[in-house]
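Grab a coffee and work through these short exercises with the model open beside you. Try each task before you read its solution.

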Amino acid sequence: MSEAALERQIRPIYDALDHGSNKSAINACNKVLKKYTNNTLVKALKALALTRSQKVEEALVLCDEILAAAVTDDSTLSVMTHVLKGLARNSDMVAMFDNAFKQQPHSEELGAQTFFAHVRTGNWKSCQQVATRMHKQFQGDRYVYWAVTGAILQANDLGTPPNIRTLLYKLAHRHVTSCPTPSYMAVDRFHLHLIILQELQLWDEANTLLESDIGKSICSASLVCNETRREIWRKRGLYKDEGDRAQENIKNNDRNWLEFVSVIDATFASVQGSDVSEEGKSECSENIAKTRDFLTEIAKADGSNNRSASLALLELEKNAFSHGISSDESTLVDSMENYFSQFGDKACCFEDLRPCVDLGADAKSRWISFLASRESSFATTGDLQRVINVRKLQRISLTASELSTDKELCLASTYIEEYMAGVELGSSLPVTELQPADDLAILVGHAFVSLWTMTKDESYLYNAAVVLEFALTKSRMSFQIRLLLVRIYRLLGASSLALDHYRAINIKQVQNDTLSHFLLTRALTFSLSATGDLTYPSECIESSQIYVSNSQDTPDFIIRAFTSEKYSQIPEFVSFDDKLENSLQRDVVKLEHVRMRMTHEPINSDLIDMELIELKFVFDRFHHDNRDFGMLPNYQPACQPSLNDQTLMFGSSTGQGWLWYFIKIYIRALQHASDLDDIVEEKLLIGDRPKKSPEPEVQLPLRERLAIRKPEEAAELTADELQLMEWATAVSDWLEPYHDYTRPPPAVVLAEANKQNELRTGLPLRGVDLKALNGDANANGHAKKDEEAPPVKEPPQLVAQFFEHMHARFVQLQQSQSLPSDLLHVATLTQEAFLLFAVESHRFKTASVVKIYKLGALVQSLKDIRSKACTVLKTMSNDLLKIGEVAGSAERRKIFVESCKPIADFPKLHHDFVLNIAKNVGESRKKVLEGVGKGMVKICTNYGQ
């Protein structure tokens, strides 16, 4: 058949794949393969369809056949790239392109694809080598800079030793200087050259480049080159020269803030370091006077059109005092007053002045008097913004002696009154616009949260919720109000309301990584997965899609940057990819999903093995904390914790220490329940292993790492979580000898896996030596071992009494009228302990194992503990159901409404509005309390025998 005829037969396969009809694509491939049994392109298309259909084992067989054929045609290589990416076999993809390039060394396109394959895997050493080879072969200048970029990225890798890092930069420098085309012919090449010179501290060469006419031209037009130039000059100590240059630029109407920073740095250059002479202070004092005159002149010329010079004056006076050059803060207060008078009607005014408000007693008194003297007017939005800035600045300046319940109530009333006056200014705005008075509503929230922090009276949280909900009726797009409500409703145990507000923010893309902690931190506390409500697990999966998207898309962006020679963007893309791939929040959410999954899905070998492997991958990562806590505004007084800290559920967030503690107990429990060891895992693993962290602790054996306990990590846990950790460790220590003794050898496990794979796909397990397995005497199942069984010991006291202790803790919280979130925390941790116990005892549920290894006494101890746990869980369940019934009652709604007396004087916050909020909060609390309670009973039914 001709090539055109074959093309006509293959076209329907592409169409089926494009439309997501994988079954049709497989059938079409089978039809073509009957005539062309060795056509690698059709095999690759079939492998792609099988991969998308989750028929991984069949796809692997085809992949191995295609890779063995050492294909070189573009179509097959392109399809195989998608297949191997889907199977996470990046090393095979690299090997495929390497082999193809070796077979056709004169193909520039294959060389580029080989380079890009290494880029996808982040193997920068190989990238540099391939690019060097391509330059020798094809003489393209851009390949020199590909090699240079590869060397720089390899040098910047965390795992690169310092001495090798220097060698790599020297290699990059040699590449650049030996290139026949000068670096200044392209901006990004010039930038690469500057970075290398900066790292190697080749200041003379850098000066030659920068002082040339073309170097000056490039820096004047390119911000990234100019920033690098500025860093080089500072490292050379040329602060005065940089300051003079910056002043000239400012005189020429350049208002880049970095130019003002250079002027200020030059002013204080003589007092840098620890040992400052009197001569240096005298010189600095003269410089301050000159800079003050210069900036004052610029500020007068700019007026209110640009605040850069006025802001620089503030920075100048603040630095003068902090360096000890000026002992009088009056000049700083003068600048603050002038700045407020000129820019007080701008939203940025508060953030600009905030770093300066830490003043001495006299200066602070003068500043507070100045703020108090400002008139409150609501005639225009500018006047309203002035009032808001005054209130914010006054609030953060409050001292501990000034804070009291009465003071905060008075402030809350003032904020509400001013909010009601200011909200009228935005009455004609579209619903998509923010109200100019929103910050006053947020200040109300601050005041009531502060009151709750001081008194622990939850009625103040009711007041905060009502005012903020009212503000949302006027400004429904305010994400800051919604984030604060998410925190408040989580504290109140109204989780469904928190979820509604979180969803209303419409989180997208990378925000799922930076903001999902607002909702998903300790999400198990509110999860109703045990009853079949998968809302929270679905949120975990949805928020994790950004990581899948990142792993697929970001390497393509890096490749495009190489292709278009945008070298300055490549390190940023690489850093972005690394921070998302190794995100702390990603793995915290993953662990939360595992905790919730175990309440819903049956605990079997598939779940245990899958989660064990994935959690071990997580445990090998070096994490970046990308969470954004600054999205929640903070206007609390400096003497108080921030609003973020005040509204954190249980007073702590789930950071690296929390993740490490929980992941250790889960890995250990899953290890005990699983038949997988390192040998079996290596055989059954399909894709590549993720890159391990270079930290020394990660190089230790897994057993040693699991035993490590650090005080700073434990500090991130609540007292109840720490109790769970100690219990789980004691259970693992107690049962570990019996697990090790009864676990079947690797040959048995692989034989069973091979058997199951043949039943499922009709194909033997890939990479398993069946002959070796058949020769193993124990390959037919469990058998008595030569060594003696470990003696059965009684459970440790901590293990036996844990559930009674948790019940006592639960009762204590009930009696102290704690928030529902605190009760749910203890209840769900007790439930989690029960599920971990089910995992630990999973192996001993099989009667044949108990009989062969004579573990009857152990099983009886397990039954006793299980029985006690079920009793406690059912008791807690009954209590939660009763509490839930009360939470949704008319009596509780009445109490809620009566608790809102501090805001009852404002007509717009009328009884019906407050009652509606009370109803919503009560129903939400009832839903979660009853859902968790019913889920606990269901879990007892599933695992209580």
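**Exercise 1.** What should the 16 residues of helix α9 (residues 141–156) span at 1.5 Å a residue, and how far apart are its end C-alpha atoms?

*Solution.* Keep in mind that this is a predicted model. Start with the expected span, which is 1.5 Å times one less than the number of residues. For the 16 residues of α9, that comes to 22 Å. Now check the model: the end C-alpha atoms lie 23 Å apart, so the two values agree. As for cover, 13 of the 16 residues in α9 are buried, making this helix mostly covered.

**Exercise 2.** Do the check again for helix α44 (residues 820–840), then work out how many of its residues are buried.

*Solution.* Count first: α44 has 21 residues. From first C-alpha to last, α44 reaches 30 Å, close to the 30 Å expected at 1.5 Å a residue. Then look at cover: 20 of the 21 residues are buried, so α44 is mostly covered, with buried meaning under 20% relative accessible area.

**Exercise 3.** Is S478 buried or exposed, and which residues does S478 touch beyond four places in sequence?

*Solution.* Find S478 in the loop between α25 (459–474) and α26 (479–492). Its relative accessibility is 5%, which is why S478 counts as buried. Leaving out residues up to four places away in sequence, S478 touches L434, D438 and L472.

**Exercise 4.** Classify L167 and E279 by accessibility, then give the distance from each to its partner: I26 for L167, S652 for E279.

*Solution.* L167 lies in helix α10 (residues 162–178), and because its relative accessibility is 52%, L167 counts as exposed. L167 and I26 are 141 residues apart in sequence, and their C-alpha atoms are 51 Å apart in space. E279 belongs to helix α17 (residues 278–302) and is exposed too, at 67% relative accessibility. Between E279 and S652 there are 49 Å, C-alpha to C-alpha, with the two 373 residues apart in sequence.

**Exercise 5.** Which residues form a nonpolar surface patch with about 280 Å² of accessible area together?

*Solution.* The patch is made of Y184, M185 and I214. Take I214, which sits in helix α13 (residues 213–221): at 34% relative accessibility, I214 counts as partly exposed.

**Exercise 6.** Where does pLDDT stay under 50?

*Solution.* Begin with the whole chain, which averages a pLDDT of 90, with 96% of the residues scoring at least 70. Over residues 775–780, pLDDT stays under 50, and the model has 7 contacts beyond four places in sequence for this stretch.

Conventions. Residues are numbered from 1 along each chain as its sequence is written. This is a predicted model: local features need pLDDT of at least 70, side-chain atom pairs count only at pLDDT 80 or more; totals for chains, interfaces and linings use all residues. Side-chain values use heavy atoms; hydrogens and water are left out. Patches are made of residues with over 30% relative accessible area and no salt bridge: like charges are joined within 9 Å, nonpolar side chains (Val, Leu, Ile, Met, Phe, Trp, Tyr) within 5 Å. Accessible areas come from the Shrake-Rupley method with a 1.4 Å probe; for residues, only the protein chains shown count as cover. A salt bridge is a side-chain nitrogen of Lys or Arg within 4 Å of a carboxyl oxygen of Asp or Glu. Helices (H or I, at least four residues) and strands (E, at least two) are DSSP runs, numbered from the N terminus. Buried means under 20% relative accessible area, exposed over 50%, partly exposed in between (1.4 Å probe, protein chains only). Contact means heavy atoms within 4.5 Å. pLDDT is the predictor's confidence in each residue, from 0 to 100.
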